[in-house]
Amino acid sequence: VFPSLAKAQASVANEVYQELGQPSVFLFCPTEYCSSLCSPSPSQSCYLLTIGQELLPEIGVIWTGPKVVSQELSAALLEEVEGVLRRRPVIWDNLYANDYDCRRVFLGPYTGRAPGLMPRLCGLLLNPNCELQANFIPIHTLSSWFRSELGSCADPDRAGTRRRMGTAAVLGDSQDPQEGSYSPQEALELALRDWVAEIHRQALEPGG
């Protein structure tokens, strides 16, 4: 019935989206959802070009970055993806995902995401560790990154100047990531402080 997989997927996704009453959030995960799955590249992928053309513009498209688990995300890559998909992507961030190897638990700060990514994103989902309690630092430091990004969007001149000067927010002193660019180490220290406080709080509860 369809000349390509991309046209078939877009047709079905569009029909489901309309049948559900065009919800405000409706996400589509493409078969090629990262750069390493694209041939030869995101901007030259016939599959992604078709998805971008055929998928209704209100439908969000999920993207994981250069790889399934991406160590870094750059504004240049997101700009390329936005161009081919004709919309800003929703990042499905697998930085902390350990479902493929549950012997590993990722407790480091949210890192490897360039400053100034927010204008290139339609949204960001964090795929966490399978162990619930292990996600305190990932989620806490993600929130620090997010607040820093919001601060940059609110005052681009100040944020741009600080990035050029290479300064970083002293989160431990100000407790306000909006006051400067994101520092993974300082965000980690804040998260550890709050995690210890939360552990102590839970220990004092009945049955803690």
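**Notebook: salt bridges, sheet and helix H1**

I counted the salt bridges and got eight. The model I worked from is predicted.

**Entry 1. Glutamate 79 and arginine 120.** I looked up this pair among the salt bridges. The closest N and O atoms of glutamate 79 and arginine 120 are 3.8 Å apart. The pair links distant parts of the chain, 41 residues apart. I found glutamate 79 in helix H3, residues 75-85. Arginine 120 sits in the loop between strand E3 (90-93) and E4. Is each partner buried or exposed? Glutamate 79 is partly exposed, since its relative accessibility is 44%. Arginine 120 is partly exposed too, at 26%.

**Entry 2. Arginine 201.** I then went to helix H7, residues 184-204. Arginine 201 and glutamate 198 both lie there, three residues apart, about one turn of the helix. Their side chains meet in a salt bridge, 2.6 Å from N to O. Arginine 201 also bridges to glutamate 205, with the closest N and O atoms 2.4 Å apart. I noted the accessibilities. Arginine 201 is partly exposed at 41%. Glutamate 205 is partly exposed at 37%. Glutamate 198 has 22% and counts as partly exposed, because the buried class ends under 20%. I also recorded a network: salt bridges that share partners join Glu79, Glu82 and Arg120.

**Entry 3. Overall layout.** I stepped back to the whole protein. I count seven helices and four strands. From the N terminus, the elements run α-β-α-β-α-β-β-α-α-α-α. Of the 208 residues, 40% count as buried. I took the contacts with a separation of 6 or more; residues 24 or more positions apart account for 69% of them. The accessible surface comes to about 11400 Å². Carbon and sulfur atoms hold 56% of that surface.

**Entry 4. The sheet.** In what order do the four strands stand? I read E1-E2-E3-E4, in an open sheet with parallel pairing. E1 and strand E4 (123-126) are at the edges with a single partner strand each, so one side of each has no neighbour in the sheet. I checked the E1 pairing next. Two bridges join E1 to strand E2, residues 60-63, and the two run parallel. Leucine 27 of E1 stands opposite glycine 60 in E2.

**Entry 5. Leucine 27 and its patch.** I stayed with leucine 27, which is in strand E1. Its relative accessible area is 37%, so leucine 27 is partly exposed. Which residues form a nonpolar patch on the surface with Leu27? I found Val25, Trp92 and Leu125. Together the four have about 350 Å² of accessible area.

**Entry 6. Helix H1.** I took residues 5-19, a helix of 15 residues. H1 reaches 21 Å from its first C-alpha to its last, close to the 21 Å expected. Its buried residues are Ala6, Ala8, Ala10, Ala13, Asn14 and Tyr17. I asked what these buried residues pack against. The partners are strand E1 (27-28) and helix H2 (46-54). Glycine 21 follows H1, and I noted its positive phi, near 85°.

**Entry 7. Serine 35.** I ended in the loop between E1 and H2, where serine 35 lies. Its relative accessibility is 18%, so serine 35 counts as buried. What does serine 35 contact, leaving aside its neighbours within four places in sequence? I listed Pro42, Trp63, Gly65, Pro66 and Leu77.

Key: Residues numbered from 1 in each chain as written. Predicted model: local features only at pLDDT ≥ 70, side-chain atom pairs only at ≥ 80, totals over all residues. Heavy atoms only, no water. Expected span 1.5 Å × (residues − 1). Buried < 20%, exposed > 50% of the residue type's maximum accessible area, 1.4 Å probe, protein only. Contact = heavy atoms within 4.5 Å. Patch = residues over 30% accessible without salt bridge, like charges linked within 9 Å, V, L, I, M, F, W, Y side chains within 5 Å. Areas by Shrake-Rupley, 256 points an atom, 1.4 Å probe, with all protein chains shown as cover. Pairing = 2+ DSSP bridges.
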